[in-house]
Amino acid sequence: MKIVERAPETIVGIEVVAPFPDLSVVVPQAWARVFARRSDLLSGPDDVFVEFSTDLGDGDYRELLGAVVAVPPLSLPEGWRLGKAPAGRYLHHRHLGDEASITDSFAAMYRWAEANDQRPGPHRLDFGYLPDHTRPHDLYLSLI
């Protein structure tokens with residue numbers, strides 16, 4: 001794990017807002033919608049999707065599932081939302097296991113931050129989603 005500086009990024013995707021216990025149901029449903037409409041966003045075989053998560057407090061989270069875009073579109077396809085991942089310091093970890101264990105990797109990142117006197121912020125980024133689930137994931141946890 002290492003601390004990196006990230007530039008801001010614009011993400012276009014499908015948004016889900018839910019309490020943490022409900023995310024395990026609503027996020028996979030949203031990914032199915034994103035993958036079904038992937039041609040709205042991506043064009044190349046090496047393009048990957050990202051999950052941008054924001055802790056809203058009181059156990060609620062906003063998840064934006066989609067793709068990073070270099071230039072924000074003037075209009076969005078129906079059902080898509082625009083989000084901005086802020087610049088700043090992030091803890092980075094490359095997850096090599098299956099997608100079901102990504103939560104474990106984020107938990108390890110929180111433990112590392114605590115053990116190294118780093119204060120986690122409200123944002124998480126997870127790059128690497130594809131319909132066939134074959135790629136490693138680059139995980140980022142914002143730091144305050």
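How many positive and negative side chains does the chain have, and how far apart do the centres of the two sets lie? In this predicted model, the count comes to 14 positive and 21 negative side chains, and the centres of the two sets are 4 Å apart.

As for the overall fold, the chain holds 2 helices and 8 strands. Walking along the sequence, these turn up in the order β-β-α-β-β-β-β-α-β-β. The C-alpha trace stretches over about 45 × 30 × 30 Å along its principal axes. A compact globule of 144 residues would be expected to show a radius of gyration near 15 Å, and the chain, at 15 Å, agrees with that.

Next comes the packing. Of the 144 residues, 42% are buried. If one takes the contacts between residues at least 6 apart in sequence, 69% of them link residues at least 24 apart. The accessible surface adds up to about 7900 Å², with carbon and sulfur atoms accounting for 52% of it.

One residue gives a closer look at the interior. L64 sits in strand β4, which runs over residues 60-69. With a relative accessible area of 4%, L64 falls under the 20% cut-off, so it counts as buried. What does L64 touch, leaving aside its neighbours within four places in sequence? Its contacts are I11, G13, I14 and E15, then V50, E51 and F52, and finally R81, L82 and G83. One of these partners, L82, is 18 residues away from L64 along the chain, and the C-alpha atoms of the two are separated by 8.4 Å.

Notes
Residues numbered from 1 in each chain as written. Predicted model: local features only at pLDDT ≥ 70, side-chain atom pairs only at ≥ 80, totals over all residues. Heavy atoms only, no water. Helix = DSSP H or I, 4+ residues; strand = E, 2+ residues; numbered from the N terminus. Rg over C-alpha atoms; globule rule 2.2 N^0.38 Å. Buried < 20%, exposed > 50% of the residue type's maximum accessible area, 1.4 Å probe, protein only. Contact = heavy atoms within 4.5 Å. Areas by Shrake-Rupley, 256 points an atom, 1.4 Å probe, with all protein chains shown as cover. Lys, Arg positive; Asp, Glu negative; His and termini not counted. Charge placed at Lys NZ, Arg CZ, Asp CG, Glu CD.
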